[in-house]
Amino acid sequence: MKLRFNQLSQTRPLAELPADLTGHAITLDLSHTDADQRAAATDLARELLDRGAARIVISGSAA
């Protein structure tokens, strides 16, 4: 499952995901994020783990 997290997103990143992510591997695409969004990505990753995600992969450039 790939989750794009960037300034172009019109909806909250978790809005379309199921509450139970048990066993899922989630890829966070941070290729088009600014500094504030990269900081918020840490909270997002924690929420995904709390929902049961088995693994989180970060892709994209943080520069």
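This note goes through the predicted model point by point, from confidence to helix, core and salt bridges.

1. Confidence. The structure is a predicted model, and the chain averages a pLDDT of 79, with 76% of the residues scoring at least 70. Among the elements of the chain, strand β3 (residues 55–59) has the highest mean pLDDT, at 88, whereas strand β1 (residues 2–4) has the lowest, at 67. Where pLDDT is low, the predicted coordinates should not be read in detail.

2. Geometry of the helix. Helix α1 covers residues 35–50, and its 16 residues should span 22 Å at 1.5 Å a residue; the end C-alpha atoms are 24 Å apart, which agrees with that expectation. After α1 comes Gly-52, whose phi is positive, near 105 degrees.

3. The buried side of the account. Within α1, the residues Gln-37, Ala-41, Leu-44, Ala-45 and Leu-48 are buried. Some of these names return in the largest nonpolar core, which has 9 residues in all: Leu-14, Leu-17, Leu-21, Ile-26, Leu-28, Leu-44, Ala-45, Leu-48 and Ala-53. Both β2 (25–29) and α1 supply at least two residues each to this core, and α1 gives the most, with 3 residues. In soluble globular proteins, nonpolar side chains tend to be buried together.

4. Leu-21 as a member of that core. Leu-21 is placed in the loop between β1 and β2, and because its relative accessible area is 0%, it counts as buried. Once neighbours within four places in sequence are left aside, Leu-21 is in contact with Met-1, Leu-48, Arg-51, Gly-52 and Ala-53. Of these partners, Met-1 lies 20 residues from Leu-21 in sequence, and the two C-alpha atoms are 10.0 Å apart in space. Leu-48 and Ala-53, also on the contact list, belong to the largest nonpolar core as well.

5. Arg-51, a buried charged residue. Arg-51 is found in the loop between α1 and β3, and its relative accessibility of 17% falls under the 20% limit, so Arg-51 counts as buried. Not counting residues up to four places away in sequence, Arg-51 touches Leu-14, Leu-17, Pro-18, Ala-19, Asp-20, Leu-21 and Thr-22. Among those contacts, Leu-14, Leu-17 and Leu-21 are members of the largest nonpolar core.

6. The salt bridge of Arg-51. A search of the whole structure finds 2 salt bridges, one of which joins Glu-47 to Arg-51, with the closest N and O atoms 3.1 Å apart. The two partners fall into separate burial classes: Glu-47 is partly exposed, at 28% relative accessibility, while Arg-51 is buried, at 17%. Side chains of opposite charge can pair when their charged atoms come close.

7. The salt bridge within the helix. Asp-50 pairs with Arg-46 in a salt bridge whose closest N and O atoms are 3.6 Å apart; given a cut-off of 4 Å, this pair therefore qualifies. Both residues lie in helix α1, 4 residues apart, about one turn of the helix. Asp-50, at 56% relative accessibility, counts as exposed, whereas Arg-46, with a relative accessible area of 48%, is partly exposed, because the limit for exposed is over 50%.

Note on methods
Residues numbered from 1 in each chain as written. Predicted model: local features only at pLDDT ≥ 70, side-chain atom pairs only at ≥ 80, totals over all residues. Heavy atoms only, no water. Salt bridge = Lys/Arg side-chain N within 4 Å of Asp/Glu carboxyl O. Buried < 20%, exposed > 50% of the residue type's maximum accessible area, 1.4 Å probe, protein only. Core = buried A, V, L, I, M, F, W, Y, C linked by side-chain atoms within 4.5 Å. Contact = heavy atoms within 4.5 Å. pLDDT = per-residue confidence, 0-100. Expected span 1.5 Å × (residues − 1).
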